[in-house]
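Here is a short tour of two helix pairs and one loop residue. Have the structure open beside you as you read.

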Amino acid sequence: MDPVRNPYAPGAGQRPPELAGRGRELDVFDVVLERIARGRPERSLMLTGLRGVGKTVLLNTLRSEAINHLWGSGKIEARPDQSLRRPIAAALHMAVRELAPRHRAPDRIDTFLGVLKAFAQRSASAGRAGAAAPKLRDRWQPGIDVPAATGRADSGDIEIDLVELLSDAAAVASDVGTGIAVFIDEMQDVGAEDVSALCAACHELSQLGAPLIVVGAGLPHLPAVLSAAKSYSERLFRYQRIDRLDRIAADLALCAPAEREEVEYEPKALDLLHEKSGGYPYFVQAYGKATWDHAPRSPITDADVRVAAPEAEAELAVGFFGSRFERATPAEREYMRAMATLSLVEGHAGGRDDMDAAVPTAEIARALGRKPASLSPARDALIKKGLIYSGERGTVAFTVPHFGRYLRTQPA
């Protein structure tokens, strides 16, 4: 098979040639856009799921839908060590620039840009006696030619300022009969104070019926992060769990791109590919790409899959699993190895086929012969690094599908 014509695209956030199994999420978002366009109340959206299920791809696709509806849009990727103030200002700057050519009053745009500039340049520590000056990286000078406003979104209190800024942005969108959507990837990494402010702003906007929504994507514990910030967040957002593809969608993700290249799969080949990939979109693309490159001709057979699978697994072991494993300290690796062993037991007991079930932290401590409190630093560090998450109190699970399986194959 010609590798140049290989249609599969395993990559971080890279859109696959066939976005299979996400029709429901796209339909929901279209309804949200249409309802807001008609002045109906709607909630912001939160997409949650493990790594490799296509959250970033879906987030980018939803942004494209918003742009097609003539909405202003901006996207950011949260980082644990960064305040939300600068990136969200940049996202709103982009969104309003998209709306500006259709606005009949340039002065209104300039007024908002002045507020945006004031918000962006105001550090969280500003105004507090003895507070250190903001770091150089936080002294952002946006490309805005109007002077910074005073008395609006510049108090230094992120909750007050963000409510005022988003309200003003929504008013600009309302002037042109459209809306603004802010997309936030890796949202579980937004700091606690900023999450609280974002929830408060979304709450205020929903009460006003303002045409601005936030679409976030994050790991499975994102709802818990939001709930810890504001108790009403459970009712404030519409949560959508993004999971692995069912068999029909997984087959479509493989077959549709191949058919466009006049290539077919035998049924047994599809059976084996689904078994290997588990239906996780990233793995579907990885195994599909390797199989294409090794198959001599169409139709692709199960023998072709068996020959190609070791190469796909070797690539996943280095790029998808190994890179994450290398970020962990020896103590953290010991913790994850215990998790991997116990998750296999929990998976069998629960009848799961992926064998990466959530594990009680007490069981991990027992397996390692340690007190639970002594393992808290390792657990907290792994959560911060995004390698594990705590979906329910007293349990932890891997954020990466099949990570337990990978660890069980590695020498101690």
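In this predicted model, helices α5 and α6 cross in a right-handed sense. Their axes come within 8 Å and cross at roughly 40°. Since angles under 35 degrees count as roughly parallel and 65 to 115 as roughly perpendicular, α5 and α6 are therefore oblique to each other.

If you would like to trace the contact, look on the α5 side for Ile158, Glu159, Leu162, Val163, Leu166, Ser167 and Ala170. Their partners in α6 include Glu193, Ala197, Ala201, Leu205 and Leu208. By class, the α5 and α6 contact holds 11 nonpolar, 2 polar and 4 charged residues.

Further along the chain is a second pair, α10 with α11. Leu273, Lys276 and Ser277 of α10 meet Phe283, Val284, Tyr287 and Thr291 of α11. The residues of this α10 and α11 contact are 4 nonpolar, 2 polar and 1 charged. The crossing of α10 and α11 is right-handed.

The two crossings can be set out together:

| Helix pair | Axes come within | Crossing angle |
|---|---|---|
| α5 (158-175) and α6 | 8 Å | roughly 40° |
| α10 (267-277) and α11 (281-294) | 9 Å | roughly 135° |

With its axes crossing at roughly 135°, α10 is oblique to α11.

Now for the loop. Gly209 sits between α6 (192-208) and β4 (212-218). Is Gly209 buried or exposed? Gly209 has 52% relative accessibility, so it counts as exposed. From Gly209 to Arg235 is 26 residues in sequence and 16 Å in space, C-alpha to C-alpha.

How values were computed:
Residues numbered from 1 in each chain as written. Predicted model: local features only at pLDDT ≥ 70, side-chain atom pairs only at ≥ 80, totals over all residues. Heavy atoms only, no water. Helix = DSSP H or I, 4+ residues; strand = E, 2+ residues; numbered from the N terminus. Buried < 20%, exposed > 50% of the residue type's maximum accessible area, 1.4 Å probe, protein only. Axes fitted to C-alpha atoms, helices over the stretch in contact; angles between N-to-C directions. Parallel < 35°, antiparallel > 145°, perpendicular 65-115°, else oblique. Left-handed = near helix turned anticlockwise from the far one by under 90°. Contact = heavy atoms within 4.5 Å. Nonpolar A, V, L, I, M, F, W, Y, C, P; charged D, E, K, R; others polar.
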